[in-house]
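Reader: I would like to know how labels such as "buried" or "disulfide" are decided. Could we go through some of them?

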Amino acid sequence: MRVGIKVLGCPKNEADCEVLAGILKERGHEIVYKVEEADVVVLDTCAFIEDAKKESIDEIFSFVEAKKDYGYKIVVKGCLVQRYYRELKKEIPEVDQWIGVVAPEKIALLLESGGDLVPQRPETVYSYRKRVNLEEKPYAYVKISDGCDRKCTFCSIPIFKGNLKSRSMEDIVHEVEDLLAEGKKEIILVAQDTTSYGEDLYGKQALPDLLRRLNSLKGDFWIRVMYLHPDHLTDEIIDTILKLEKVVNYFDVPVQHGSDKILTLMGRVKSSKELKNMLMKIRDKAPDAVLRTSVIVGFPEETEEDFEELKRFVEEVKFDKLGVFVFSDEEGTVASSLKNKVDPETARRRQEELLLLQAEISYERLDRFVGKSMKALVEGRENGYLIGRTFTEAPEVDGVVFIKGRGEIGNFLEVTIEEHDEYDMWGIAR
């Protein structure tokens with residue numbers, strides 16, 4: 001069977017699908033990368049917010065249309081199916097098979113035998129199996145846990161992913177060893193909330209222990225940690241990231257707002273002052289450390305005063321990277337029952353205003369790297385430049401470095417930074 005796999009949504013989906021591809025290859029199937037060559041197309045989906053759901057639906061219809069020409073079987077899997085199986089099956093009968101949040105090995109069996117499966121309890125973690133790259137790139141996402149026990153009122157993830165489930169440290173280390181042996185130069189740890197890793201297995205926040213284990217592995221590579229919940233980001237986690245030489249000083253801490261009123265409505269614990277003190281503590285310990293965050297505008301009951309508090313918070317902290325999302329009213333969440341909804345036009349105006357402010361801050365923050373030599377991971381070529389990233393940029397969500405000079409894709413280079421704009425930098429290879 002020739003299988004094509006299309007991944008939508010978060011990096012955890014990418015990690016899951018590369019494990020699925022590895023299992024299918026073990027079972028004698030072929031992974032193909034052109035839709036016209038596939039006997040079966042597997043489409044992994046996302047159901048986190050409205051835009052993600054719309055993207056998944058649009059992709060399903062796109063593959064349904066192409067099916068008329070190529071005749072492949074369509075299998076739709078993942079979070080959207082787990083959440084809306086009955087509605088999807090009724091409305092899109094052209095799809096041949098529906099699979100919810102199911103472990104990759106079971107998905108492989110279902111592809112062979114047919115039939116739908118949407119488990120009552122999502123199967124979010126599984127024993128490691130060797131992966132197959134779905135894209136050639138020098139980094140890999142490694143899922144350390146899935147599901148979430150936090151109580152954020154706007155978040156639908158527990159509805160279709162369930163409670164926190166961590167992978168064993170040994171399993172993760174085995175996977176990373178294989179990825180490094182394949183030549184990966186950056187390991188990116190992902191979860192719904194990486195600060196909660198190990199609480200279910202080890203009775204404590206085990207992220208520091210995991211980072212020390214991974215840091216001890218041989219080789220020249222980076223470790224990057226994403227999705228650090230600000231309410232549960234401890235001094236031990238911060239200090240571990242700062243002290244380990246292979247763990248980059250990049251803190252992805254989604255604060256979501258800067259107004260105490262809105263933070264409380266969101267189910268968050270720390271006040272804006274406590275958040276600011278924590279973030280400034282990181283800056284005090286490591287002035288060049290990167291602070292990345294995401295915020296939500298247009299949350300129910302967000303007034304202009306609340307928005308101005310958010311703007312002041314952003315101005316005071318001066319995040320290096322910031323994503324701004326308009327509130328998505330997700331059914332089944334506590335926030336969906338809140339009154340005084342913000343109209344979409346106002347929310348979009350606030351989003352644009354905050355992005356303009358952040359563009360100025362980002363430009364100012366990048367000034368500190370001009371004239372410095374920085375280590376960069378080369379990922380491609382474009383218009384005569386090598387395209388790379390320093391420790392300050394995570395793939396897919398941040399900017400890049402345009403590099404003049406010679407270098408090999410997949411290797412590190414020393415680059416002297418010469419200039420920058422709001423998000424990208426330009427430099428010359430040494």
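Author: The answers below concern a predicted model.

Reader: How do you know that C17 forms no disulfide?

Author: A disulfide needs two cysteine sulfur atoms within 2.5 Å. The closest cysteine sulfur to that of C17 belongs to C10 and is 9.9 Å away, so it is too far for a bond.

Reader: What about C155, and how many disulfides are there in the whole structure?

Author: The sulfur of C155 has its closest cysteine sulfur in C152, at 6.2 Å, which is also too far for a bond. A search of the whole structure finds 0 disulfides.

Reader: Why is C155 called buried?

Author: Buried means under 20% relative accessible area. C155 has 19%, therefore it counts as buried. C17 is buried too, with 0%.

Reader: What makes the buried residues of helix 8 lie on the same side?

Author: The buried residues of helix 8 (residues 207–215) are L207, P208, L210, L211, L214 and N215. They span an arc of only 160 degrees around the axis, so they are on the same side of helix 8. Among the elements covering them are helix 6, strand 9, strand 10 and helix 9.

Reader: Which residues touch the most other members of the largest nonpolar core?

Author: That core has 53 residues, and those with the most contacts to other members are L189, L211, L228, F251, L279 and L354. Helix 6 (residues 169–181) gives the largest share, 6 residues. Another core, of 34 residues, lies apart from it and includes V41, V64, C152 and M266.

Reader: What does L354 touch, leaving aside its neighbours within four places in sequence?

Author: L354 is in contact with V295, V297, F307, L310, K311, V314 and V324.

Key:
Residues are numbered from 1 along each chain as its sequence is written. This is a predicted model: local features need pLDDT of at least 70, side-chain atom pairs count only at pLDDT 80 or more; totals for chains, interfaces and linings use all residues. Side-chain values use heavy atoms; hydrogens and water are left out. A nonpolar core is a set of buried Ala, Val, Leu, Ile, Met, Phe, Trp, Tyr and Cys residues joined through side-chain atoms within 4.5 Å. Buried means under 20% relative accessible area, exposed over 50%, partly exposed in between (1.4 Å probe, protein chains only). Helices (H or I, at least four residues) and strands (E, at least two) are DSSP runs, numbered from the N terminus. Contact means heavy atoms within 4.5 Å. The arc is that of the directions from the helix axis to the C-beta atoms.
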